[in-house]
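This briefing describes one protein model, going from its sheet to its empty spaces and then to a single residue. Please read it with the structure open alongside.

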Amino acid sequence: MAVRAIRGATQVDADDRDQVLEATRELVSTVVERNGLDHDDIISILFTATPDLVSEFPALAARELGMGDVPLMCATEIGVAHALPRVLRLMAHVETDRPRGDIQHVYLRGAVALRRDIAQ
């Protein structure tokens with residue numbers, strides 16, 4: 001069993017609490033599904049939000065999905081002038097038998113533009 005990092009991102013239309021929570025739940029659920037993960041496979045998740053998103057902590061959405069015992073952390077993404085706005089990102093550390101090349105990184109909604117090379 002190896003420890004792997006899985007990246008993901010999504011974009012919301014506005015700094016709205018419900019949108020942040022909904023988009024984060026969708027992102028976390030999609031990462032888990034596409035990578036065939038069970039709850040116990042998840043070591044930790046680091047969430048970041050662009051500086052224009054302050055209505056809610058993205059980690060709350062993961063807790064609502066039953067991840068209250070998973071270490072979760074939120075941070076602000078650096079404020080680069082030409083960055084895509086209203087983006088939520090995650091890096092999940094997981095235990096998996098999948099080789100690095102088989103990890104499915106997940107980019108949803110407008111965040112597909114961030115990594116067209118690996119977005120599904």
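Helices, taken as H or I runs of at least four residues, and strands, taken as E runs of at least two, are DSSP runs that are numbered from the N terminus. With that numbering, helix 1 gives the largest share of the lining of the largest cavity, namely three residues. The model is a predicted one, and the points below are grouped by topic.

**Sheet**

- Five strands form an open sheet in the order 3-2-4-1-5, and the pairing within this sheet is mixed.
- The edges are strand 3, residues 72-76, and strand 5, residues 106-107, each of which pairs on one side only.
- Helix 1, which covers residues 17-34, packs on the sheet and touches strand 1 (2-11), strand 2, strand 4 (87-96) and strand 5, while its direction makes about 30° with that of strand 4.
- Strand 2, residues 42-49, runs parallel to strand 3 and is joined to strand 3 by five bridges.
- Strand 2 also pairs with strand 4, here in the antiparallel sense and over seven bridges.
- Leu-46 has a bridge partner in each of two strands, since its partner in strand 3 is Met-73 and its partner in strand 4 is Met-91.
- Strand 4 pairs with strand 1 in the antiparallel sense over ten bridges, and Ala-2 stands opposite Thr-96 of strand 4.
- Strand 4 is mostly covered, with seven of its ten residues counted as buried.

**Largest cavity**

- Rolling a probe the size of a water molecule over the atoms shows where empty space is left.
- How many cavities of 30 Å³ or more does a search of the whole structure find? The search finds one, and the largest cavity holds about 40 Å³ of space.
- The lining of the largest cavity is made up of Val-28, Val-31, Val-32, Leu-37, Ile-42, Ile-45, Leu-90 and Ala-92.
- At least two residues of this lining come from each of helix 1, strand 2 and strand 4.
- By residue class, the lining of the largest cavity divides into eight nonpolar residues, with no polar and no charged ones.

**Largest pocket**

- The largest pocket has a volume of about 200 Å³, and its lining consists of 16 residues, of which Ala-49, Leu-53, Val-54, Glu-56 and Phe-57 lie nearest the centre of the pocket.
- Strand 2 and strand 3 are the elements that give two or more residues to the lining of the largest pocket.
- Eleven nonpolar, four polar and one charged residue make up the lining of the largest pocket.

**Leu-72**

- Leu-72 lies in strand 3, which is one of the edge strands of the sheet.
- Is Leu-72 buried or partly exposed? Leu-72 counts as partly exposed because its relative accessibility is 22%, whereas buried would require a value under 20%.
- Leaving aside neighbours within four places in sequence, Leu-72 is in contact with Ile-45, Phe-47, Ala-59, Ala-62, Arg-63 and Met-67.
- For Ala-59, one of these contacts, the C-alpha atom is separated by 6.1 Å from that of Leu-72, although the two residues are 13 residues apart along the chain.
- Ile-45, also in contact with Leu-72, is among the residues that line the largest cavity.

Key:
Residues numbered from 1 in each chain as written. Predicted model: local features only at pLDDT ≥ 70, side-chain atom pairs only at ≥ 80, totals over all residues. Heavy atoms only, no water. Pairing = 2+ DSSP bridges. Contact = heavy atoms within 4.5 Å. Axes fitted to C-alpha atoms, helices over the stretch in contact; angles between N-to-C directions. 1 Å grid on protein atoms, 1.4 Å probe; cavity = no way out; pocket = protein on both sides within 12 Å on 5 of 7 lines; lining within 4 Å. Points joined across faces, edges and corners; volume = space filled by probe spheres on them. Nonpolar A, V, L, I, M, F, W, Y, C, P; charged D, E, K, R; others polar. Buried < 20%, exposed > 50% of the residue type's maximum accessible area, 1.4 Å probe, protein only.
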